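Take a moment with the model below and turn it until the strands face you. We will then walk through it together, a piece at a time.

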Amino acid sequence: MDDDTTWIDAKGLLCPLPVLRLRKVLEGLPSGAVALLEATDGASWVDVPHFCAQTGHEMIRAEERGEVLTYLVRRK
């Protein structure tokens, strides 16, 4: 993870909390900043890309690392 990337730990949180936490963090970051969200809720696999599509944030990458789902998102 890059030093400029903001890490968000949403492991153990259920829908919609991972997306709400991502939204709150992104609101506090400047345009172009990157956040890395880690979640364990399977619903986030649908919710996070949908959130990005609706808000205009860029989904850079989504990966499954065992039980942890990771999302790299750039703020619009």
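The paragraphs below go from the strands to a few individual residues. Please keep in mind that this is a predicted model.

Let us begin with strand β2, which covers residues 34–39. Six of the six residues of β2 are buried, so the strand is largely enclosed by the rest of the structure. In a regular strand the side chains alternate between the two faces of the sheet. Here Val 34, Leu 36 and Glu 38 point one way from β2, while Ala 35, Leu 37 and Ala 39 point the other way, and all are buried.

What does β2 pair with? With β1 the pairing is parallel, over five bridges. With β4 the pairing is antiparallel, and six bridges make it up. Glu 38 is a handy place to see both partners: Asp 9 has Glu 38 as its bridge partner in β2, and Glu 38 also stands opposite Thr 70 in β4.

From Thr 70 you can step on to the next strand. In β4, Thr 70 is the bridge partner of Glu 63. Strand β3, residues 58–65, is joined to β4 by seven bridges, and the two run antiparallel. The hairpin that β3 and β4 form has two residues between the strands, and Gly 66 takes a positive phi there, near 65 degrees. As for β4 as a whole, six of its seven residues are buried, so β4 is largely enclosed by the rest of the structure.

Now look at one residue of β2 in detail. Ala 35 is found in this strand, and at 0% relative accessibility Ala 35 counts as buried. Which residues surround it? Leaving aside residues up to four places away in sequence, Ala 35 touches Thr 5, Thr 6, Ile 8, Leu 22, Leu 26, Leu 29, Tyr 71, Leu 72 and Val 73. Of these, Leu 22 is 13 residues from Ala 35 in sequence, and their C-alpha atoms are 7.9 Å apart in space.

Tyr 71, one of the contacts of Ala 35, brings us to the aromatic rings. How many aromatic pairs are there? The count comes to one. Trp 45 and Tyr 71 form this pair, with 5.9 Å from centre to centre and 50 degrees between the planes, which makes it tilted. Trp 45 lies in helix α2 (residues 44–55) and Tyr 71 in strand β4 (residues 68–74), so the pair ties together parts that are 26 residues apart in sequence. The two partners are set in contrasting surroundings: Trp 45 is partly exposed at 38% relative accessibility, whereas Tyr 71 is buried at 0%.

Beyond helix α2, the loop between α2 and β3 holds His 57. Is His 57 buried or exposed? With a relative accessible area of 11%, His 57 is buried, because buried means under 20%. The side chain of His 57 reaches the backbone nitrogen of Lys 76 at 3.0 Å. Not counting residues up to four places away in sequence, His 57 also touches Leu 26, Phe 51, Cys 52, Val 73, Arg 74 and Arg 75, along with Lys 76 itself.

Cys 52, among those contacts of His 57, raises the matter of disulfides. A disulfide is a covalent bond between the sulfur atoms of two cysteines. In this model the count comes to zero. For Cys 15, the nearest cysteine sulfur is that of Cys 52, 14 Å away, while a disulfide would need the sulfur atoms within 2.5 Å. Cys 15 is partly exposed, with a relative accessible area of 42%, whereas Cys 52 is buried, with a relative accessible area of 3%.

Cys 15 has another feature to look at. The peptide bond from Cys 15 to Pro 16 is cis, with omega near 5 degrees. Pro 16 sits in the loop between β1 (6–10) and α1 (17–27).

Finally, a word on the record for this stretch of chain. An unreviewed UniProt entry carries the annotation "domain: UPF0033" over residues 8–32. In the model, residues 8–32 are 44% helix and 12% strand, and the C-alpha atoms at the two ends are 17 Å apart.

Conventions. Residues numbered from 1 in each chain as written. Predicted model: local features only at pLDDT ≥ 70, side-chain atom pairs only at ≥ 80, totals over all residues. Heavy atoms only, no water. Phe/Tyr/Trp six-rings, centres within 6.5 Å; stacked < 30°, edge-to-face > 60°. Helix = DSSP H or I, 4+ residues; strand = E, 2+ residues; numbered from the N terminus. Buried < 20%, exposed > 50% of the residue type's maximum accessible area, 1.4 Å probe, protein only. UniProt positions renumbered as here; feature names shortened; annotations may be inferred. Pairing = 2+ DSSP bridges. Polar contact = N/O pair within 3.5 Å; in protein donor to acceptor, adjacent residues only side chain to side chain. Contact = heavy atoms within 4.5 Å.
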